[in-house]
Amino acid sequence: MTKKQNKDFTHEIARNLSFFKMLVIYFIVCLIGVAFLLLNFNSLIVNHDKKLTGEICSLVTEKMNDSISYMTNSAENMSAALSAQNHNDLQKLYDELSLSKKGSGYMSIGFVDENQKIYASETEIEEFEKWELLEIAKQAEPVSISAPYRSGMTGQPVYTMFADFTYDNGKNGYLFLTYPLKEIQNMAYTDSLSEDTEIWLMEADSDNIIQCAGSDNYSIGSWNNAILAMQAQIDNDYQADYAEWKAHMTAGEDTAGITYEIGKKTYTQVYAKIDFMHGWYVVVRIPSRSLSAAIQQFRTSVLMFLGILFVATVIMFVMSHIRETEEKKILENLSIHDPLTSLLNRRAFDYTSSQYLKKSTKNEACLLFIDVDYFKQVNDRFGHDAGDRILVEFSSALNELFNENSYISRYGGDEFVVLVRSADKSEISLKLDKLQKMAGKIKPCDEPEIYGDFVLTFSCGAATFPFDAADVKSLQSAADEALYIVKERGRNGYEWYNNDIQN
Amino acid sequence: MKRIFAFLVGIIMCISFAGCADKKNDATEVKPGPDFFPLTEIKEGRKNIYLIVKTIENNSYWDVLMDGAKDCADSLDCNVYVSGSYAESDWKTQERLLGDAIKANADGVVISPDDSVNLAGKIDEVYLEGIPVVLIDTTANTDNYDICYMTDNLMAGQKAADEMIKQLKNNGVSDDENIQIGIQVGQASSQTVIERLAGFLQFWSKHAPDSWEILHDIKCSNGLPEKALEYAEDILALPQVKGIFTTNSGPTVGFAKALKNNKRTDIVFVGFDYADEMADIVNDEEYHASTILQRQYDMGYTGVESVIGISEGTDIKNKFVDMGVVVVNKDTINQPDIQEILQHN
């Protein structure tokens, strides 16, 4: 049995889906599964983050607004108390209060009387003019807060809060308290997420922002502009969302939120209106990753587990495939080969030869039907082992002569059939002549005194395709017919179908 | 078996490639600034003051400021060493120079920080070493300095916006005309620049007609002259742009060049500082250019004077002194106080 013969046969019986194809399909299915899982997971994280960061932003803005309200309430209470005391000398009151200001949160206190005279230090009076603070004071109903400005005394940003009050029997004036912007920073500070939470005050009309909290302590209190610091940084896909968010602020709505990306980072940002600080808003921003870090870690663990599971499955598949292939090879050998001679068995020969002839309508072939002469007598005279030896050695002779381009089979007990992929009668006849010589040398045992004058011969009938028959069965019948003629003639010879007797 | 092996290798490669991050190196290379060198004659036994400016070379603004520092040192009899960066974006050079001043046991440091935020930590370090620190021109985001002499840039920005509105009206732009104002900033991380921008926008939002719109695409040239010119050309190509505002010298020079190149006499331009290109266009009757001038000579002079005083125990009351600005245009250029400032430019 040649490798070529094996290959032809096993190819035909192999399944259409090879192991490799199945492995690729398995890989694709796994990839689709992981992609689906990731999409779902990411969507879950994003939704979770949006919801949670939105809520946290709202809480922080609420906290900021409550703190500012607390300060304005304090200013209102102080002005109410001073009004109740009905002071008639504001200079005296200013002198007293400015001396006792330490430890009260604000850095300075002063008054504006009904004639717009300012009771404050020289530097502060200059700042009133420079920053038009009297205009802010007039907005106090009952309280107003200025935009932050740089204090000449400290060099740091400050803001001034005004509260209306009465003095000297019903005259209207204003109490003012100047706070460092750091007071707002202190309000903004939260233990949790302090590294990630950024808080600004933002003026809607100018887009100016002042940072109140953030990861970098040194950037706190610095001015910036939202066009440069926020809008220009946001990915293009979110520019329209940002514009909408800003439009809510410009329209004076109390609060609005937005989620956007800068690079690969997702942020949630919420603003809330500040009471008494006209046109100013608190803006809080938190990166989503800070909240989803734990979930992302879990996602990484799941992915690692799936990766390990996938690799283990592939290794298991490959190992199982290798074992299966080896077992299959053994079973295939057993099912298509004659166990004694290793030639094709009858079933395998019929299948392969009929397939060959079906596919080879343009080619020529020759079928040889061979019988070992008087084989039964060999068995009777020398025993079955000797008979087996004869068959094995005869098979080797056939293999040696017809190995290339032929299918060789042991068809029955002492019957052999060979399909030669050629119909060249002279060439095949030469080989049959050689086979006769080789058969003559085959002995049932090694001892001449036992086998004596024993000479092995065979009879052979031959038919050609497509000249003598158009299919395997007809070809076999034709060869059988030729064999019958040889046997009738006394065996030990070969015959071509159509009375073309050679020997 | 080979195919199975190839398949497994393929999977491993897929996983490996998927894990590779695309890392970009977008750092801009800037030549580090030089070590300190003497600004004055160096004599034994005098106090050693270290002056750190934003741009050490080819910048008329900082040359004038150093003139002021040198004149003060000569009159107060002290040594002044000076250095700075080659580009305002290079705050790392200033950080290194602050470290050098500590090592040299400076009697005082006068600095104009390139970056108010990034340099704050190092300024803290110098101050906590007991060395008097005077900030000039630009503040830093820390309390750890003695005094700051600078322009209140928020106010300077407001004055620039006021000038822009006045000049647009003088130039015949009506309140209901739909026009745009282009803005270019020099260094987005500089607090000086940002405060001028904030002041400009603050004043503009309150006083400019609603139909006069600020272009939201605010350009930042990052201290690079070629970028400043390129962005200026881009903005001038927009048909509705009738006004230009620049926050500092770099973009101001860029726009002055672009206006001249394109002969855009219809544009109202308000910038900062008095570089040759800006002086040229302010003095040209055909153009409508105004510039906001700081008193940088006074800053240099007062900075050295103050740091010497502090090192000798003078008490400081206010930490912040606004040196004020003047608006220079065709109408004001001949006023005596402005001529005096221009003499130093």
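**View 1. Helix 10 of chain B in a predicted model, its span and its burial.** Helix 10 covers residues 296-311 of chain B, and because 16 residues at 1.5 Å a residue should span 22 Å, the 22 Å between its end C-alpha atoms agrees with expectation (the expected span being 1.5 Å times one less than the number of residues; helices are DSSP runs of H or I with at least four residues, strands runs of E with at least two, numbered from the N terminus). Of these 16 residues 12 are buried, so the helix is largely enclosed by the rest of the structure (buried meaning under 20% relative accessible area with a 1.4 Å probe, protein chains only). Among the buried residues are B:Tyr297, B:Met299, B:Val304 and B:Ile308. Just after the helix, B:Gly313 takes a positive phi of about 100°.

**View 2. The contact between chain A and chain B.** Chain A contributes 42 residues and chain B 36 residues, counted by heavy atoms within 4.5 Å. About 3300 Å² is buried between the two chains, with carbon and sulfur atoms giving 63% (the accessible area, 1.4 Å probe, that two parts lose on being put together, summed over both).

**View 3. A salt bridge between B:Asp152 and A:Lys130.** The closest N and O atoms of this pair are 3.2 Å apart, and the count between chain A and chain B is 4 salt bridges (a Lys or Arg side-chain nitrogen within 4 Å of an Asp or Glu carboxyl oxygen). Helix 4 (122-130) and helix 9 (289-336) of chain A are among the elements that each supply at least two residues of the side touching chain B.

Residues are numbered from 1 along each chain as its sequence is written, and chains are lettered from A in the order in which they are written. Local features need pLDDT of at least 70, side-chain atom pairs count only at pLDDT 80 or more, and totals for chains, interfaces and linings use all residues, while side-chain values use heavy atoms, with hydrogens and water left out.

Methods. Buried < 20%, exposed > 50% of the residue type's maximum accessible area, 1.4 Å probe, protein only.
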